[in-house]
Amino acid sequence: MKKNSARLEMSKEAMKSYGYQIVDALVEHHATQNEKLPVALGSREEMDSLFLEEAPEEGTDPTQVLNFVLEKVMTTSTLMSHPKSYSFVPGPSNYISAMADTLATGYNIFSGGWAASPAAAELEIVTIQWLLKIFGFPKKKGGGIFTSGGSMANLTALATARRIKCGDDFSKAVIYLSDQAHSSNIKAIRVLGFKKEQIRIIPTDIEFKFAVNKLKNCIAKDRLEGLHPFCLIATSGTTNTGTVDPLIELANICKKEDIWFHIDGAYGAAAILSQKGKQLLKGIEKADSLTVDPHKWFYQPYEMGCLLVRNHKHLSHTFTEKPEYLRDIEGNTSEINFYDHGIQLTRRFRALKFYMSLKTFGLKEFRDAITYNIDLAEEVESKLRRSAFWEVVFPATLAVINFRYNPIEKNYSEKQLDALNQYISEKVVASRKALLVTTLLHGQVVLRMCLINPRTTLEDIQETFELCEHFAKEKEQQL
């Protein structure tokens, strides 16, 4: 047989040289990203002109390919870790975790089952236990799994709730969530095959919290109609406003009604490390399942979500399958195969970055960073309230603040204010100097800042306000 030369390999020296170039690029990026423009813009036509081609039959020099990617791909991607990236939920990340991801990918660790990598499975067990303790879940009975993000964690939670509370028949099952619940929950409900008629979206009150009385009325009505209330989704830190639902009241309702209590804490749950966050999140330990997103406020790179459960057996009872091709690697009951605790069989080694960053920086630095974020948002609120140009629409809550340009000496209509603030956002983003977009609160167009980046300073925000006011005055000339 002819010797195979298609081995997809490089020499040791070539690998070193190539690797050093990548590390140098990453270090330079981390050291200078504050000086870069955070926003990337590009039309489909522009992107096609840069990248569209047939798959090449012959190879190209690796350094040439790398340089092209650094020059064209990385410069046309929005920097979610930039101090002036305020929108959606930024991804602050950290260098240690980025390097940990490089190790996990470079060694190509399979983190699905114990037999394939006992160390990877053990580190996932250990880091999940760290999180169980942080959130007050039972250490021995509790469990969890790392996922790609909050969307997959919510899907895993709802699949588990359905299995435990409904068994095989969920034709009469009803699920409850508020109008501020994250869209990933609706997507998960649809993926699981629930009909529109089985979903109850409960209005929130004036503070965007789950309306408890309306929920109680809805559950009572559903029971009278012979339906089966089985799951309630609360939110600890809504995306729009950072609001935390009344967790203790909702937990009591779920206990009384025998309803699975899931908390979507993808955004705000990590705030429990701070004193102010801990106060707001009282009752989070009462959840049957909790979604946390380490790639948000635990400062991990994408992708990393997490689902915690009060009883780890609920996961294995929901997801364990016993195909014949896995019969030799089942192990004993203490050796967890994480493919039996979730949807994925093939899983990357996500636990490593969380483990290495916490070991390197320590929990105190994470706690101090989160506390800084919350204090920063509150300082921004104070600053806005002292200004004659800005109106706080919803106060700083878990590092999220909503506001709009509304100068006191003017008497703009709501329509004019909407147009003015929409214009400010569009012009700021078009300038590429900051990522600041709008949302809708009580029908008003408002600007929203999510300040979970520990490298964002008050000076960054002041510069952004000055930019906003410049564009506001530009628009005011047209009103």
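Are Asp222 and Arg200 buried or exposed? Keep that in mind while you load the model, which is a predicted one. We'll get to the pair after two other stops.

**Stop 1: the largest pocket**

Start with some empty space. Rolling a probe the size of a water molecule over the atoms shows where such space is left. Here, the largest pocket holds about 1100 Å³. Its lining is made up of 37 residues, and you can find its centre by selecting Leu26, His29, His30, Met74 and Ala98, the closest ones to that point.

Now colour three helices: α1 (12-32), α3 (62-73) and α4 (95-106). Each of them brings at least two residues to the pocket lining. Which helix gives the most? That's α1, with 8 residues. If you colour the lining by residue type, you should get 20 nonpolar, 13 polar and 4 charged residues.

**Stop 2: strand β2**

Next, select residues 173-178, which form strand β2. Of its 6 residues, 6 are buried, so the strand is largely enclosed by the rest of the structure. Turn it around and check both faces. On one side sit Ala173, Ile175 and Leu177, on the other Val174, Tyr176 and Ser178, and all of these are buried.

What does β2 pair with? Add strand β4 (residues 228-235), which runs parallel to β2 and is joined to it over 5 bridges. To see where they line up, show Val174 and look opposite for Pro229 in β4. Then add strand β3 (residues 199-202), also parallel to β2, with 4 bridges between them. Here the residues to show are Leu177 and, opposite, Ile201 in β3.

Before moving on, bring in helix α7 (residues 183-191). Together β2, α7 and β3 make a right-handed β-α-β unit.

**Stop 3: salt bridges**

Side chains of opposite charge can pair when their charged atoms come close. How many salt bridges does this structure hold? There are 22, and we'll visit some of them.

Stay with β3 and show the side chains of Arg200 and Asp222, which meet in a salt bridge at 3.1 Å, N to O. Arg200 belongs to strand β3 and Asp222 to helix α8 (residues 212-224), so this contact ties together parts that are 22 residues apart in sequence. And the opening question? Both Asp222 and Arg200 are buried.

Slide along to Arg223, whose side chain forms a salt bridge with that of Glu257 at 2.8 Å, N to O. This one links helix α8, home of Arg223, to helix α9 (residues 247-257), where Glu257 sits 34 residues away. Neither side chain calls for digging: Glu257 is partly exposed at 23% relative accessibility, and Arg223 is partly exposed at 35%.

Now jump to Asp375 and Lys276, a salt bridge with its closest N and O atoms 3.0 Å apart. Asp375 is in helix α14 (residues 363-385) and Lys276 in helix α10 (residues 275-280), so the contact ties together parts 99 residues apart in sequence. Both partners are partly exposed, with a relative accessible area of 35% for Asp375 and 41% for Lys276.

For the last selection, pick Asp101, Arg348 and Lys353, which salt bridges with shared partners join into one network. Leave α4 coloured as you do: that helix covers residues 95-106 and is one of those lining the largest pocket.

Methods: Residues numbered from 1 in each chain as written. Predicted model: local features only at pLDDT ≥ 70, side-chain atom pairs only at ≥ 80, totals over all residues. Heavy atoms only, no water. 1 Å grid on protein atoms, 1.4 Å probe; cavity = no way out; pocket = protein on both sides within 12 Å on 5 of 7 lines; lining within 4 Å. Points joined across faces, edges and corners; volume = space filled by probe spheres on them. Nonpolar A, V, L, I, M, F, W, Y, C, P; charged D, E, K, R; others polar. Buried < 20%, exposed > 50% of the residue type's maximum accessible area, 1.4 Å probe, protein only. Pairing = 2+ DSSP bridges. Right-handed = clockwise from strand over helix to strand, strands pointing away. Salt bridge = Lys/Arg side-chain N within 4 Å of Asp/Glu carboxyl O.
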